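Subject: The structure I promised

Hi,

Here is the structure I said I would pass on. Have a look at it first, and then read my notes below.

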Amino acid sequence: MPVKSKYGEWLRFGGAFGYSFRTDDELRSTEDPFTVVTTAEQGSSPFIAPEIGFTREDDRGRIELGLRYLYHLDRSPAWTSVSTSTGGSATFTGTDDHIALVLRYHFGFNRPELPPLPLPDVDYVARLTDTLTTLPTHRDRITLVFWDNAEYDGDTISVLLNEETVLSHYELTGRKKKLRLDLRRGTNTLLVVAHNEGRVPPNTASCIVHAGRKRTQLLLRTSNRTNQAVVLQRE
């Protein structure tokens, strides 16, 4: 679960689950008058490993630095050490629990740049624009879902984000269309443009805006004379 700071770094909270595997092993050390024999038996043990750390991204990849505590759920000894001398003997046992400093580097590859989608082939600039709502968010990426939840009548729309086309000449049906969009800091304007009014005016589209756990459902109404806008205020 990452939490982003204003400096572009992420504080991460996470965890892992897995198994540790051991092989039969014996280590013997003698230094007069002491003899120490440490043995481990073959076996496996499940573990959980909560972790906290920092993530930082650049143009080439992502680096992660974390502190992990690995805790074995099976609390039986992982190894036994017997120390003997002329005065007697002592036995010690222990688990393989440990604290680790974890460093990871994720290499990235630049996505190929796709040609920009064309602007709507209607004079949408001359139309009136109605602002439906303003939605504040802390997220830099949101998901939009469009569909026609009424009778299918051939409504077709284009969607622009900050004057760039993100969905072009899309005919609305009962099947949901999902868009993932990156927001810039500050004000972002989502503009919905109608290419027609279908068989039953106006052009209507259902839309859900997912911003993290926040979910906002909208009903967009556009026509040959009116666009509709949603303002997304990234804080």
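Let me begin with a question: is Tyr-19 buried, partly exposed or exposed? With a relative accessibility of 47%, Tyr-19 counts as partly exposed, because that class runs between the 20% limit for buried and the 50% limit for exposed. Please keep in mind that this is a predicted model.

**Aromatic rings**

Tyr-19 has a ring partner, Phe-17: the two make an edge-to-face pair, with 6.2 Å from centre to centre and 75 degrees between the planes. Phe-17 itself is exposed, at 57% relative accessibility. Phe-21 belongs here too, since ring pairs link Phe-17, Tyr-19 and Phe-21 into a cluster. Searching the whole structure gives 3 aromatic pairs. One of them is formed by Tyr-69 and Tyr-71, and it counts as tilted because the planes stand at 45 degrees, with the ring centres 6.3 Å apart. Tyr-69 is partly exposed at 37% relative accessible area, and Tyr-71 is likewise partly exposed, at 31%.

**Strands 4, 7 and 8**

Strand 7 (residues 79-85) pairs with strand 4 (residues 34-40) in the antiparallel sense, over 5 bridges. Within that pairing, Thr-35 has Thr-84 of strand 7 as its bridge partner. Strand 7 is also joined to strand 8 (residues 88-94), again antiparallel, by 7 bridges. There, Trp-79 is bridged to Gly-94 in strand 8. Strands 7 and 8 make a hairpin, with 2 residues between them.

**The open sheet**

Further along the chain, 5 strands form an open sheet with mixed pairing, in the order 10-18-15-12-13. Its edges are strand 10 (128-137) and strand 13 (164-171), each of which pairs on one side only. From one strand to the next, the twist averages 15 degrees. Strand 10 runs parallel to strand 18 (residues 226-234), and 9 bridges join them. One example to click on is Thr-133, whose bridge partner in strand 18 is Val-230.

Ser-223 sits in the loop between strand 17 (214-222) and strand 18. Ser-223 is buried, with a relative accessible area of 10%. A polar atom of its side chain lies 3.1 Å from the backbone nitrogen of Arg-225. Beyond its neighbours within four places in sequence, Ser-223 is in contact with Arg-127, Ala-194 and Glu-197.

**Cores**

The largest nonpolar core has 23 residues, and Ile-142, Leu-144, Phe-146 and Val-209 have the most contacts inside it. The elements giving two or more residues to this core include strand 11 (141-147), strand 14 (177-182) and strand 16 (203-211). Strand 16 gives the most, with 4 residues. A second, separate core has 5 residues, among them Tyr-124, Leu-160, Val-193 and Ala-229.

Leu-144 is worth selecting in your viewer. Apart from neighbours within four places in sequence, Leu-144 is in contact with several residues, including Leu-179, Leu-181, Leu-190, Cys-207 and Val-209.

Ala-211 is found in strand 16 and is buried, at 15% relative accessible area. Leaving out residues up to four places away in sequence, Ala-211 touches Thr-137, Arg-139 and Ile-142. Its C-alpha atom is separated by 53 Å from that of Asp-25, which is 186 residues away along the chain.

Cheers

Note on methods
Residues are numbered from 1 along each chain as its sequence is written. This is a predicted model: local features need pLDDT of at least 70, side-chain atom pairs count only at pLDDT 80 or more; totals for chains, interfaces and linings use all residues. Side-chain values use heavy atoms; hydrogens and water are left out. Two strands pair if DSSP finds at least two bridges between them. Axes are lines fitted to C-alpha atoms, for helices over the stretch in contact, and angles run from 0 to 180 degrees between N-to-C directions. Buried means under 20% relative accessible area, exposed over 50%, partly exposed in between (1.4 Å probe, protein chains only). A polar contact is a pair of N or O atoms within 3.5 Å; within protein, one must be able to donate a hydrogen and the other to accept it, and residues adjacent in sequence count only if both atoms are side-chain atoms. Contact means heavy atoms within 4.5 Å. A nonpolar core is a set of buried Ala, Val, Leu, Ile, Met, Phe, Trp, Tyr and Cys residues joined through side-chain atoms within 4.5 Å. Rings of Phe, Tyr and Trp (its six-membered ring) pair if their centres lie within 6.5 Å; planes under 30 degrees apart count as stacked, over 60 as edge-to-face and the rest as tilted.
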